[in-house]
Amino acid sequence: YFKSRSRQEFFDDGFRCSGRVYYRIIGDVFQSFRLHKAGAGTRCMIEFAVLPLCEGAAVRKTSSGSDRIKAFGDVHSWFEYEKTKNSIIRCGELMIAFINTYLMPFFNGSDTAEKAYDSVVKFQKEHRKEGLDMADPHLYYMAIKSKKYDAALSHLLARKEFVSSGRRDETGLLSDEEEIDFAVRKLEKKDYKYFEDLVYENEKIARFNITGKTV
């Protein structure tokens, strides 16, 4: 039911479907949301992501995030339903309503990497229990694309501390200290041409992986 309604509601806005992930490219940004069902019981949630294309090969049709749509209302519960047609419809329509009310305005206000950086920072500060994650590699790449090089350096240093602590996340991005140190040196030397070239090449890779085209 959710898949059918999502096609009706969001395909005209440029979204396409890959498995349970609904995605679109808008400007230099990849946006997605997905239906995540609990392994047991009758609960589900909508998770979403805004990613800069300059992350390169890490951005795929199936890319999504762990942020939950209910967090916009500072609620961290699941959507629940019973195994009846009416209950499933009510739950599906409630999720569609949440997407239209919260997520689409958020996506529409994040249609460039520069605007997405500000939107994601604001979301994390206001709606994540743990607040702003300076070690978030997505924010680093958004900052690089936006030429916010001071912010990018701050994110890199936070990322280095995160990695050196032995913690791991699911992004697979900037997980090697030598890679981080190399980028830090480039930023400290103000070798911005390196990052402009990196952005250009990575965006081509991401676009090709998603659309089969480089432009």
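**Entry 1: Asp-176 and its surroundings**

I looked up Asp-176 in this predicted model and found a relative accessibility of 39%, so I entered the residue as partly exposed. I then located Asp-176 in the loop between helix 5 (149–164) and helix 6 (177–188). I also checked its part in the surface charge: Asp-176, Glu-177, Glu-178 and Glu-179 form a negative surface patch.

**Entry 2: strands 1 and 2**

I turned next to the pairing of strand 1, residues 16–18, with strand 2, residues 21–26. The two strands are antiparallel and share three bridges. For Cys-17 I noted Tyr-22, in strand 2, as the bridge partner. I recorded the connection between strand 1 and strand 2 as a hairpin with two residues between the strands. In that turn I read a positive phi of about 65 degrees for Gly-19.

**Entry 3: strands 2 and 3**

I followed strand 2 onward to strand 3 (residues 29–37) and found an antiparallel arrangement joined by six bridges. Opposite Arg-24 I found Gln-31 of strand 3. Strand 2 and strand 3 also form a hairpin, again with two residues between them. The turn contains Gly-27, for which I noted a positive phi of about 60 degrees.

**Entry 4: Arg-34**

I looked up Arg-34 and placed it in strand 3. Its relative accessible area is 28%, so I listed Arg-34 as partly exposed. I then computed the separation of the C-alpha atoms of Arg-34 and Ala-49, which is 9.2 Å. Along the chain, Arg-34 and Ala-49 are 15 residues apart.

**Entry 5: positive phi outside glycine**

I kept in mind that most residues other than glycine have a negative phi. Against that background I examined two residues.

For Asp-74 I read a positive phi, near 55 degrees. Asp-74 belongs to the loop between strand 5 (67–68) and strand 6 (79–80). I classed Asp-74 as partly exposed because its relative accessible area is 47%.

For Lys-190 I read a positive phi near 60 degrees. I located Lys-190 in the loop between helix 6 and helix 7 (192–211). Is Lys-190 buried or exposed? I entered Lys-190 as exposed, because its relative accessibility is 56% and the cut-off for that class is over 50%.

Note on methods: Residues are numbered from 1 along each chain as its sequence is written. This is a predicted model: local features need pLDDT of at least 70, side-chain atom pairs count only at pLDDT 80 or more; totals for chains, interfaces and linings use all residues. Side-chain values use heavy atoms; hydrogens and water are left out. Patches are made of residues with over 30% relative accessible area and no salt bridge: like charges are joined within 9 Å, nonpolar side chains (Val, Leu, Ile, Met, Phe, Trp, Tyr) within 5 Å. Accessible areas come from the Shrake-Rupley method with a 1.4 Å probe; for residues, only the protein chains shown count as cover. A salt bridge is a side-chain nitrogen of Lys or Arg within 4 Å of a carboxyl oxygen of Asp or Glu. Lys and Arg count as positive and Asp and Glu as negative; His and the chain ends are not counted. The place of a charge is taken as NZ of Lys, CZ of Arg, CG of Asp or CD of Glu. Helices (H or I, at least four residues) and strands (E, at least two) are DSSP runs, numbered from the N terminus. Buried means under 20% relative accessible area, exposed over 50%, partly exposed in between (1.4 Å probe, protein chains only). Two strands pair if DSSP finds at least two bridges between them.
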